[in-house]
Amino acid sequence: MTDFTMQTDADGVAVITWDVAEKSMNVMTRDSMLVLNDLIDTALADEAIKGIVITSGKDSFAGGMDLNVLARIREENGDDPAAGLFEFAMNGHKMLRKIERAGMDPKTNKGGKPIAAALPGTALGIGLELPLACHRIFAADRPGAKIGLPEILVGLFPGAGGTTRLVRKMGAMAASPLLLEGKLNDPQKAKAAGVVDEVVPAEDLLDAAKAWVLQATDADIVKPWDQKGYKMPGGAPYHPAGFMTFVGASAMVNGKTKGVYPAAKALLSAVYEGALVPFDTALKIEARWFTHVLMNPSSSAMIRSLFINKEALEKGANRPAVDDQTVKQVGVIGAGMMGAGIALVSAVAGIKVVLIDAKQDAADKGKAYSADYMDKGIARKKATPENKTAVLDRITATTDYAALEGCDLIVEAVFEDVAIKAEVTRKVQAVCPDAIFATNTSTLPITELAKASTDPTNFIGIHFFSPVEKMMLVEIIKGADTGERAVAKALDFTRQIRKTPIVVNDERFFFANRCIIPYINEGIRMVKEGVAPALIENAAKLVGMPLGPLQLADETSIDLGVKIAKATKAALGAAYDDSTDEVLFGLFDAGRLGRKSNGGFYAYDDKGKRQGFWDGLAEKYPHAAEQPDLITVQHRLLFVQALEAVRALEEGVLEDIREGDVGAILGWGFAPWSGGPFSWLDIIGTPYAAERCAQLAADHGDRFAPPALLRDMADKAQGFYRRFASAAEAA
């Protein structure tokens, strides 16, 4: 069965249906593009066919391009991958331009066949770029459908004509949120924005598209940019209004990306340059900039981590080969913010939930968290009252552990206290001894906690990130005795609640906290050295970190940092590094606990808005007369994280570098432009990384000393993906 098929009805309308077998959503491949191209040729050449409707055999239209195609084209073209990528992009433009021109006379713009797109649901990436080349876009009225061009989020920009067509259709200002932010709209909002032309009831979609095709005139199918006298909405770059738009767009892009995301700059260049020339030349410019981005190692790394590797992990790349472990009913112990969030995402996913707390009012409050969340969704038209009722009906809030009977997974989310967690473990296992028991913890050793279990093989760690409903990463931690069924259960549960999992082995702080704590500490250490806090924070943001280390310390709370420091000191003894304690404990003793107390490294107003750095910080730690250069500060902040990731791999905490890169980006925002710590080390090269770390170690301490693994790879000029990825992919 081919991805595209065509049938012509009695009225002479050819319906081309996109339906990729064995996939929940259509994706475009090279082969499917060739099939579509041939069908378009056939339909345009057949005099009996009056017009064409392109639709989907699924309840969505398409999820976009199979980005693996781009990687294969690079490989196939050997020493000149840019030529292959540019040719591929231009062939795509030719096909879509053929749809757009639809056989009309190039001089008179007459004689073409109307082509409509009928979108049953979600249409993303090329799933929208293809409709944009059609003459009219009909979308089914499905509130949950998403329509947009999210390529910028994985290090690309729309390169199949979406950039050029959307700007010419809407104007640069109106198109900018869709192109530069990857904003997705539901069908009604997409129509209001001018992206789609009609929104109709789902059951009327095909009939409406066919009816339009049969009555469309020559004038209806000529795109504005193919008509004489066309002027870009909002003005071209040197029009007075357009000039301000493009100046503002440049400032906005640099303000948001800090100059580290090549796709955003390339997109803006394609839009600006394309607006100065005829449409077909603009498409060629778009293809050149698209190729330029694909050749940038940053974009390749982002595609690999945020699309290919992320998708592989979500599909169970490292799942043990055991029977299906789909969760039917989950018990959540502890109805605080974390437990309430876990209950919410479980119920939204259709799983029955038993939410337990020591007091009934606390359990009820935890359930009310889901009610409030659904109310917000209803207000934003993301949910309906019926959805809310269904979600709440799945949650039983109680104090009675007997209600857990029948649960096949227990997620414990009580205080970070070994004794309390042990007590909960025993209570749960008295009711459901065969259930997989997962403890939600960010720091406590899983092997130690599993001692309270009657069967440690069924005991596992699941580290959710807060807030649960927003954070995509779930860190699954195997204890020394954790069995394969427990791992599979945790992974299947993560898939059900639509999160991205990484699986790591039990070690202090696991993986995510192991890497992020040194980042925060390095920022604090520099404050103590007299480095200006503004330099520290801005250096972090200019290298792609979403938050500076000092702001992150305030957001996660100073008292949590103190608690972790005390626990780490107790565990490590003489090996503990106390170089940041003076600053951290000083803030704690002063009652400056971070944003939650309206005082930390930053000062805050009554509403919790940052008001600059706390004056007392400069008084206690005056700025050094000689400040380090920007690159040195950035290297300290990035290497201190990346080296910890290498040590985690070296020690077996990480078993798959894909999990390290994806986990770093989704867990704490490690410079997404880099593709993650291992991808970043590959971009700069392991020989340079080892040499630079040796310099940093000499200047700033042994924490920067290159691990043996990095030194070995540097000696062999190896990259991490060259050395480890093939083994991970084969696993």
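A residue is taken as exposed when its relative accessible area is over 50%, as buried when that value is under 20%, and as partly exposed in between. In this predicted model, Glu-22 reaches 84% relative accessibility and therefore counts as exposed. Glu-22 is situated in the loop between strand 2 (13-18) and strand 3 (27-28), where, although not a glycine, it adopts a positive phi of about 60 degrees. A positive phi, near 60 degrees, is likewise found for Asn-598, a residue other than glycine, which lies in the loop between helix 24 (581-589) and strand 20 (602-604); with a relative accessible area of 29%, Asn-598 is partly exposed.

Eight strands form an open sheet of mixed pairing in the order 14-13-12-15-16-17-18-19. Strand 14 (395-398) and strand 19 (500-505) occupy the edges, and because each has a single partner strand, one side of each is left without a neighbour in the sheet. Direction ignored, neighbouring strands of this sheet are turned by 25 degrees against each other on average. Within the sheet, strand 17 (residues 459-464) and strand 18 (residues 473-478) run antiparallel and are joined by four bridges, with Gly-461 standing opposite Ile-477 of strand 18. The loop between strand 17 and strand 18 contains Pro-467, which is linked to Ser-466 by a cis peptide bond with omega of about -5 degrees. Helix 19 (residues 484-496) lies across strand 15 (409-412), strand 16 (436-439), strand 17, strand 18 and strand 19, at about 30 degrees to strand 17.

On the surface, Tyr-238, Phe-243, Met-244, Val-247 and Leu-276 make a nonpolar patch of about 550 Å². Of these residues, Val-247 is placed in helix 10 (residues 240-257) and is partly exposed, its relative accessible area being 43%.

Note on methods
Residues are numbered from 1 along each chain as its sequence is written. This is a predicted model: local features need pLDDT of at least 70, side-chain atom pairs count only at pLDDT 80 or more; totals for chains, interfaces and linings use all residues. Side-chain values use heavy atoms; hydrogens and water are left out. Patches are made of residues with over 30% relative accessible area and no salt bridge: like charges are joined within 9 Å, nonpolar side chains (Val, Leu, Ile, Met, Phe, Trp, Tyr) within 5 Å. Accessible areas come from the Shrake-Rupley method with a 1.4 Å probe; for residues, only the protein chains shown count as cover. A salt bridge is a side-chain nitrogen of Lys or Arg within 4 Å of a carboxyl oxygen of Asp or Glu. Helices (H or I, at least four residues) and strands (E, at least two) are DSSP runs, numbered from the N terminus. Buried means under 20% relative accessible area, exposed over 50%, partly exposed in between (1.4 Å probe, protein chains only). Two strands pair if DSSP finds at least two bridges between them. Axes are lines fitted to C-alpha atoms, for helices over the stretch in contact, and angles run from 0 to 180 degrees between N-to-C directions. Contact means heavy atoms within 4.5 Å.
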